[in-house]
Every structure is written in structure tokens, then in C-alpha cells.
Amino acid sequence: MVVEAEAAADAKADAKADAKADVDAGVDAGVEGQASHLREIEASGEVAPGALVDAWVRIGDAFFKATLYDEAIHAAKEAERLARGVGYTGGLIHALVLRAGVLETTGPFEESVRVSREALAHSRVVGMRGVESASRFILARALRRGGQSEEALQHLDAALHDLEGIDMPRERAFILGEIGDILQARGQLDDALRIQKEQLSIFERIGEDRARAMTLGRIANILQARGQLDDALHIRQQEQLPVFERLGDVRSLLVARTNLAQDLLTRNAPGDRNEAARLLRLAHAEAERLGLPEAEHIRQIQQSHNLPT
């Protein structure tokens, strides 16, 4: 078996892997062509396995961002298979984290938890704090989606600790967001708002538009829970939705439309019901097209308010 250091050296030394695979992390139909080309390269035996692992992970990330979830899972499994075959632990961790992330989005959540735990176990062996923090974060997300918030919070606190002294502001911000969500669910709204504002300031500083919009949605959720409905609606309509529309982020857009529709139904001003019905129809159509579990949740909202589908 090839040891970790040798596999990693192969991945760095064999620069022709990236050149021949033409992996540019794009999110259009070209990614599928790149995956097909990568299979041909793998079959030729001309490229070091470690480099192929890294390439499959990059392509899988691109598929994930493009909401092509089946393709992302396939790429993650290809990377995982190759990494196990050559003992490339770092590549295996990235492949497992990718697969767990897709499963956390699509379900089943139990499988996401299982894969995340394996990634964390390997991360502890490697002993790299940044990698371990990322594995804990993915595991915490899966646990929270599965209703295990207490254990999720423990892993999030440990993930923050792992990042102490490391310049990884983006990763720290994502962890803060998950902690804020758990505190909000517990009814600790002031603490949740404070943490989400800290997260927002980080994303504004590093120029992460999509992440900033996601955080604004979290802040709107807290404001809605505090009874500040007009403030929440303003954030969703004027500051969040336009960003997702501009970025073409379909999944985030359908979630934001669903939340906005619920706020409109709560306010129930003239015209709010019709606009909420329109937003929910759009959101449900996209959730069904992507095969997301949110589709059933949206359908339940429509039915509970006797809205046309």
C-alpha cells in the first residue's frame, strides 16, 4: 500500500493530472465533460492516483455547487475508492466530507452522520486542526438536521477550538452560523442574534456575497421570532433574494422564497396571500425538480393555508 506521504507527493508532482483533466471547478455542463475525460485518463494509467483523487474531489465540489447531487455523490465515491486503494488519507477525508455534505443536503441524514463520523476519525489520525475542524462542522450539520442538537453543539464548540490561532475566518464564520441556529431553536434569541451579526461582519470583511446573504436570512429568522416582522421582510425582499437571483443559487433561492412566503402569510396584509402563493409555487417546483426534502415541507405549507399548488 502506498503511504500517505507518497500519495501526497504523487498528487503534487504529477502536474499533468490537472492539465490533462482540465479541472477548473466550473458549474456548467462542461463539468460533466471533464468527469468523462477524467475517466478516460484514469483508464489510461498515465496519472498518479493521488492526483486523480484530488481531481475527482474538485469535480464533485463543482457538481455539488451546481445542485447536480447524484453526480456529486458519484464523484465523491470515485475519489474515495481511489484514495482507499493507495492509502491517501488526506484525499479520503476530502472525499468523505464531500459525500457527507451532499447527503446532509439530500438525505438520508443518518448516512450523512455515519460518513461524517468516519471523516472525523481519519482527521484525528492525520492530526491537522483545520481538517479536523471541517470534519466536525460537517458532522455537526448532519447531527442537527437529524435532531441531535446537543451533540452537534459539542462538535461546533470543538471545531471553533480547533481553529484557534489559525487564519481561517470563513470556516470560523460558518461554525458561528450553525451555533446561532441552535441557540435560536432553543429560544436564546439575543445570543443567537449576537452570533449571527458576528458571522455577518466576517463575511462582509472577506467579501463572501452568497454566505452574507445566507446570514442575512438567519438574522431575518431571528427578527421574525422576536416579532420584528417588517424588518425581517425587508431583509428577505431587498437584501437576500436579489443576491441569490444574481448568483443563480437555485436551492438557496427556493429556501429564501419559502421563508419570505411564510412571513407574508403571517403579516397577511392586502396582496400578501397572493404573493406568498406565487413564491411557494416557484419554490416547490424547484425543490421537486432537484429531488430535495424541502418539497414536502413546502407542500404542507400550501395545504395548511389552502393555497393553490
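Leaving aside neighbours within four places in sequence, which residues is aspartate 249 in contact with? I take that up in point 1, and the rest of my notes follow.

1. **Aspartate 249.** The contacts of aspartate 249 (heavy atoms within 4.5 Å) are with Arg210 and Phe244, once neighbours within four places in sequence are set aside. Aspartate 249 sits in the loop between helix 13 (229–247) and helix 14 (250–267). Its relative accessibility is 13%, so aspartate 249 counts as buried. Here buried means under 20% relative accessible area, exposed means over 50%, and partly exposed is in between, with a 1.4 Å probe and protein chains only. Helices are DSSP runs of H or I with at least four residues, numbered from the N terminus.

2. **What kind of model this is.** Please keep in mind that this is a predicted model, in which local features need pLDDT of at least 70 and side-chain atom pairs count only at pLDDT 80 or more, while totals for chains, interfaces and linings use all residues. Residues are numbered from 1 along each chain as its sequence is written, and side-chain values use heavy atoms, with hydrogens and water left out.

3. **Confidence.** The mean pLDDT (the predictor's confidence in each residue, from 0 to 100) of the chain is 86, and 89% of its residues reach 70 or more. Among the elements of the chain, helix 11 (residues 189–206) has the highest mean, 96, and helix 1 (residues 4–13) the lowest, 37. Over residues 1–29 pLDDT stays under 50, and for this stretch the model has 50 contacts beyond four places in sequence. I would read that segment with this in mind.

4. **Helix 6 and its end.** Helix 6 (residues 89–106) has 18 residues and spans 26 Å from first C-alpha to last, close to the expected 26 Å; the expected span is 1.5 Å times one less than the number of residues. Of the 18 residues of helix 6, 15 are buried, so this helix is largely enclosed by the rest of the structure. Just after helix 6 comes glycine 107, with a positive phi of about 85°. The peptide bond from glycine 107 to proline 108 is cis, and its omega is near -5°. Proline 108 belongs to the loop between helix 6 and helix 7 (109–126).

5. **Helix 7.** Helix 7 also reaches 26 Å from its first C-alpha to its last, with 18 residues. Its buried residues are Ser112, Val113, Val115, Ser116, Ala119, Leu120 and Ser123. They pack against helix 6, helix 8 (129–145) and helix 9 (149–162). Glycine 127, which follows helix 7, has a positive phi near 80°.

6. **Two backbone angles to check.** Most residues other than glycine have a negative phi, and most peptide bonds are trans. Threonine 67 has a positive phi of about 60° although it is not a glycine; threonine 67 is in the loop between helix 4 (49–65) and helix 5 (69–86). Asparagine 306 has a positive phi too, near 55°, and is found in the segment after helix 16 (294–304). Are these residues buried or exposed? Threonine 67 is buried, at 17% relative accessible area, whereas asparagine 306 is exposed, at 65%.

7. **Salt bridges.** With a salt bridge taken as a side-chain nitrogen of Lys or Arg within 4 Å of a carboxyl oxygen of Asp or Glu, the count comes to 30. Glutamate 80 pairs with arginine 99, the closest N and O atoms being 3.1 Å apart. Glutamate 80 lies in helix 5 and arginine 99 in helix 6, so the pair ties together parts that are 19 residues apart in sequence. Glutamate 80 is buried at 9% relative accessibility, and arginine 99 is buried at 8%. Arginine 145 and glutamate 104 also form a salt bridge (3.2 Å, N to O). That pair links helix 8 with helix 6, 41 residues apart. Glu104 and Arg145 belong to a salt-bridge network with Arg141, Arg144, Glu178, Asp181 and Arg218.

8. **The core.** The largest nonpolar core (buried Ala, Val, Leu, Ile, Met, Phe, Trp, Tyr and Cys residues joined through side-chain atoms within 4.5 Å) has 94 residues. Trp56, Leu156, Ile175, Ile179, Leu254 and Leu280 touch the most other members. Beyond four places in sequence, isoleucine 175 touches Ser133, Phe137, Leu156, Ala159, Leu160 and Leu163.

Methods
Helices (H or I, at least four residues) and strands (E, at least two) are DSSP runs, numbered from the N terminus.
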